[in-house]
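The exercises below ask you to read a protein model step by step, moving from a single residue to helices, a sheet and domains. Try each task with the structure in view before you read its solution.

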Amino acid sequence: MKSQYGLFLVICDDPELASTLTHVQQDMEIRVWLPSKHGQLQSSLIEACENAADSDTLVKGDITKPSFFQQWQSYHPICVVLSIKDGEKYNVVRENILNELPESRILSLQIGHPDEVPRKLANNNRELMLSWTELLSQPISAELRHIETAHRVKKIQDVLNKGDKVALLLQPDPDPDGIAAALALRALLGRNKLSSPIVSFGKVTRPENLAMLKLLDVEITTIKPEDLAHFDKVALLDTQPGHFSFPLPRVDVVIDHHPLSGEYHDIPYKDIRTRYGATSTIMTEYLRGSAVNIGQRLATALLYGIKSDTLHLNREVIEADLYAFMRLYPLINYNLLRRMEKPELPLSFAADLSKALQTIEYKENILVTYLGHVLREDLIPQTADFLLQFEGMEWVVCAGVFEKQIILSVRNVGYVKNAGDVVKKIVNGWGQGGGHRSMAKAIFPLDAWISRYGNPSEVSVKRIILDLFLEHAV
Ligand SMILES: [Mn+2]
């Protein structure tokens, strides 16, 4: 019978690997070769593949004979996994497959170091050869990292679960990485928001972070430092005691990826991995190492934490970040992620955006525009992101007024001066600002702006910004 889904043929002389391979391909009909001669290999293969899909799965025969393969000539496509240790036999079998099943493709897996068995596509374009080592080394080393973290999780649980009330303390303007890490720690402890609230000495301010709280239904309580005394235990996530300008009354756990800013000898549990792109990566390893189920909400939060701390993996990341990303990605709610990353625009903004587009100005690859008063602060950075797509532009500055402040969203193409440094020079002394290589933000109190430059008008704001950036960015 010809199957519309094709055939997956396993020719493998290792019973356990053969059995594993029967679970790899879900869509195709599976056939596993059995040696026709009674013997150790035959009985081991039968035993190992006992649970394979159906009774037709195991096929006896002599693979050194061309005729064995002729029974599948009508199938299309045919994928063969070939793993035979004996080199001479391997060559005979390979020839038989190539000749008798001209439509087949072969994945040839060999034992050996990847240097000796480099990934190679045969001249016939039908066979890909690689080593089992190459195939397995990445997932196995990730699982080794995960299991290495399992005993750490036990220690965290021992430290924190002695307390009735555990504070999950984030930095004063909590960001997605910290929020996700707190949700993950709560899941590891098997606690809820009452017994382990997320707390901070400041409020979430960035619109996309507020969107995260709203969409994932996360509460953060703003507390004063002395309120920490009401908690039995305190865990710091994505931050360290050294980041605070005053001594914290108690700290039991620190999990972070920022550069070490203290010795912290007295803290019962600390895990600070400065090579990691995100604390969310560390937490994902904790969760996977202790086999805790990662639900959709938690997965979405952790993936967003990794994405936002690594600028969508555009900043330096290590394999662990990529691996965590890969494992989380299938678990997330894509719709929620999109809504967190790109908050919807209010319809009333269309007219303002249209005017801002019509009145853009540029000089020496610097493009500026002014939105006037905006309903929501994130409309300013969202417009700046959009404007950077215009050809030839290296810098974009989008300005707007929000809550008695003039806010500048700055973007650049990444190979010019550092946006954060430029903004720091511009705000020097009378505004606040900073950022990264290609993204930055400046905030000027409206009255300070007025006393310096007069009332902000579309024409004056654009001229002032252009002058400032021509002076400092070029
Ligand atoms: Mn972080």
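**Exercise 1. Decide whether His-257 is buried or exposed, and describe its surroundings.**

Solution. In this predicted model, begin by counting the C-beta neighbours of His-257 inside 10 Å, which gives 22. Because a residue is called buried when 20 or more other C-beta atoms lie within that distance, His-257 counts as buried. Next, locate the residue along the chain: His-257 sits in the loop between strand S12 (253-256) and strand S13 (269-272). Then list its contacts, leaving aside neighbours within four places in sequence, and you find Arg-273, Thr-274, Tyr-276, Ala-278, Thr-279 and Ile-282. Finally, take Leu-357 for a distance: it is 100 residues from His-257 in sequence, and their C-alpha atoms are 40 Å apart in space.

**Exercise 2. Find how many residues of helix H8 are buried.**

Solution. Helix H8 covers residues 279-289, and 11 of its 11 residues are buried, so that the helix is described as mostly covered. Among these buried residues are Thr-279 and Ile-282, both of which also appear in the contact list of His-257. Just after H8, continue to Ala-291, which takes a positive phi of about 55°.

**Exercise 3. Work out the relative direction of helices H7 and H11, and say which residues make their contact.**

Solution. Start with the geometry, in which helix H7 (residues 207-215) and helix H11 (residues 334-341) pack at an angle of about 150°, their axes being 8 Å apart. Because angles over 145 degrees count as roughly antiparallel, H7 is roughly antiparallel to H11. On the side of H7 the contact involves Glu-208, Ala-211, Met-212 and Leu-215, while H11 contributes Leu-336, Arg-339, Met-340 and Glu-341. Sorting the residues of this contact by type gives 5 nonpolar, no polar and 3 charged.

**Exercise 4. Trace the order of the strands in the open sheet of 7 strands, and identify the edge strands.**

Solution. The order is S3-S2-S1-S4-S5-S7-S6, and the pairing is mixed. The edges are strand S3 (58-61) and strand S6 (120-121), each of which pairs on one side only. To see the mixed pairing, follow strand S7 (residues 127-131): 2 bridges join it to S6 in an antiparallel manner, whereas 5 bridges join S5 to S7, and these run parallel. Lys-120 stands opposite Met-129 in S7, and Ile-106 stands opposite Glu-127 in S7. S6 and S7 also form a hairpin with 5 residues between them, where Asn-125 in the turn has a positive phi of about 60°.

As a last step, add a helix: helix H4 (residues 87-100) lies across strand S1 (7-12), strand S4 (78-83) and strand S5 (104-110), running at about 175° to S4.

**Exercise 5. State how the protein chain is divided into domains, and how far apart the centres of domain 2 and domain 3 lie.**

Solution. The protein chain is divided into domain 1 (7-110), domain 2 (142-339) and domain 3 (349-472). Taking the C-alpha centres of domain 2 and domain 3, you obtain a separation of 33 Å.

Methods:
Residues numbered from 1 in each chain as written. Predicted model: local features only at pLDDT ≥ 70, side-chain atom pairs only at ≥ 80, totals over all residues. Domains from an automatic or database assignment. Pairing = 2+ DSSP bridges. Helix = DSSP H or I, 4+ residues; strand = E, 2+ residues; numbered from the N terminus. Contact = placed C-beta atoms within 7 Å. Axes fitted to C-alpha atoms, helices over the stretch in contact; angles between N-to-C directions. Buried ≥ 20, exposed ≤ 12 C-beta atoms within 10 Å, placed from the backbone. Parallel < 35°, antiparallel > 145°, perpendicular 65-115°, else oblique. Nonpolar A, V, L, I, M, F, W, Y, C, P; charged D, E, K, R; others polar.
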